[in-house]
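Good morning, everyone, and thank you for making room for me on the agenda. I would like to walk you through one structure slowly, so please keep the sequence and the picture in front of you while I talk.

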Amino acid sequence: MDLIAGKSPSDDDSGRGDRRKGVKYLVDMTPCMRVLPEEYVLPLQPEKLISSSRVAIPVIDLSGLDGSIGRRMMTVEAIGSACAHWGFFRIINHGVKVSLMEEMLKVVDGFFNLTAEEKMNYASEDVMNPVRVVTKEYLEEVWGLAIRISGAISEALGLERDYVEKSLGEGCQIVASNYYPPCPEPHRTLGLAAHSDHGGVTILMQNEVDGLQVKHQGEWVAVQHVPGTLVVNIGDYIEILSNGKYKSVEHRAVVNAERTRISIAVGHGPKMTATVAPASPLVDEKSWVKYRPIMYKDYMRAQQSSAVRGKSPLQALMTNTTVMK
């Protein structure tokens, strides 16, 4: 939500540059704000919301991947079921140190509390900067975690364990650190509009403030924070690669009037020049190829530039072509 161009109620023509400093800057400069500026108001439709306490969000114990053959297969099947029915699951015993997760959240919080000028200091190539060191360690841990999960996804699809990993090639890792300050009228806007991720596997952590919602069977489910856990979103790349067997999850972030929420999403996808298409072992002469091939960077560009949120960019790739062999 930070760094979104906007206009403070007190801005005049001479203050246009301040509009690009983000929502946090707006809140900091107008601490007594009681009404949301019109440019941040969204035409939200009333929708049914389900609490995660009322539905069984999948919880996967990743230690099962390192257990006996039987335990590993049970874990792989659980991941496959979560990908098919939710496109989303929570993971425990994931191997990322809680202390590292907490330090990463502190780094992001500290960064967003800097002035705009101070933030620019971190645009340097000084890899020994504490922000960069902590970030590098966390991203390396999460990359390894994403590869483990990708291996399980491959197996669940009936592919070789390293199929998804090989399809990523050199791969790419994209970090989105989001800072959602208290909002005076949270019912009139969103922190992040509904969307699916363009990559393969996104691993998300957050502070103790709730705000994540995922769409399941046409209804929004509020996901409650559980300390020490991470959540995994399946992205469009996996939906395409699985030829629609696994579904990328549509999700959004809501805001509240009292507390700041911080989330750190790390997406993992193929190299930019990779061709995104259904895995050839998953299509045969009886199958429909549900998605036309596209270069990953072209799909990213189309998704990021779309004025329509949700999964419309992915739906634009859908086809009814049968495979010829």
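I will begin with the chain as a whole, then turn to its cores, and then to a few helices, strands and single residues.

Please bear in mind throughout that this is a predicted model. The chain has 325 residues, of which 47% count as buried, and its secondary structure comes to nine helices and 15 strands. If we take the contacts between residues at least 6 apart in sequence, 79% of them join residues that are at least 24 apart. On the outside, the chain exposes about 16400 Å², and 54% of that area is supplied by carbon and sulfur atoms.

Let us now go inside. The largest nonpolar core has 56 residues, and those with the most contacts inside it include Phe 89, Tyr 138, Ile 153 and Leu 230. Which helix gives this core its largest share? That is helix α5, residues 130-156, which contributes 10 residues. To see what the surroundings of one core residue look like, take Ile 153: once we leave aside its neighbours within four places in sequence, Ile 153 touches Ile 79, Cys 83, Val 201, Ile 234, Ile 238 and Tyr 246. There is also a second, separate core of 12 residues, with Trp 86, Leu 204, Val 231 and Ala 265 among them.

A buried residue need not be one of the nonpolar kind, and here I would point to Arg 72, which is buried with a relative accessible area of 11%. Arg 72 sits in helix α2, residues 69-85, and, apart from neighbours within four places in sequence, its contacts are Gly 64, Leu 65, Glu 155 and Arg 161.

Next, please find helix α8, residues 296-305, where Tyr 296, Tyr 299, Met 300 and Gln 303 are buried. Looking down the axis of α8, we see these buried residues fall within an arc of 100 degrees, so they line one face of the helix. The face turned away from that buried side carries Arg 301 and Ser 305, which are exposed. And what do the buried residues of α8 pack against? Their partners are the strands β4, β11, β12 and β14, together with the helices α7 and α9.

From there we move to strand β7, residues 212-216, which is mostly covered, since four of its five residues are buried. β7 pairs in the antiparallel sense with strand β10, residues 251-253, over three bridges, and in that pairing Val 214 stands opposite His 251. β7 also pairs in the antiparallel sense with strand β8, residues 219-222, this time over four bridges, with Lys 215 opposite Trp 220. β7 and β8 form a hairpin with two residues between the strands, and in this hairpin Gln 217 takes a positive phi near 55 degrees.

Finally, a word on cysteines. A disulfide is a covalent bond between the sulfur atoms of two cysteines. How many disulfides does a search of the whole structure find? The count is zero. As for where individual cysteines lie, Cys 32 is exposed, with a relative accessible area of 62%, whereas Cys 172 is buried, at 13%.

Key
Residues are numbered from 1 along each chain as its sequence is written. This is a predicted model: local features need pLDDT of at least 70, side-chain atom pairs count only at pLDDT 80 or more; totals for chains, interfaces and linings use all residues. Side-chain values use heavy atoms; hydrogens and water are left out. Buried means under 20% relative accessible area, exposed over 50%, partly exposed in between (1.4 Å probe, protein chains only). The arc is that of the directions from the helix axis to the C-beta atoms. Contact means heavy atoms within 4.5 Å. A disulfide is a pair of cysteine sulfur atoms within 2.5 Å. Two strands pair if DSSP finds at least two bridges between them. A nonpolar core is a set of buried Ala, Val, Leu, Ile, Met, Phe, Trp, Tyr and Cys residues joined through side-chain atoms within 4.5 Å. Accessible areas come from the Shrake-Rupley method with a 1.4 Å probe; for residues, only the protein chains shown count as cover.
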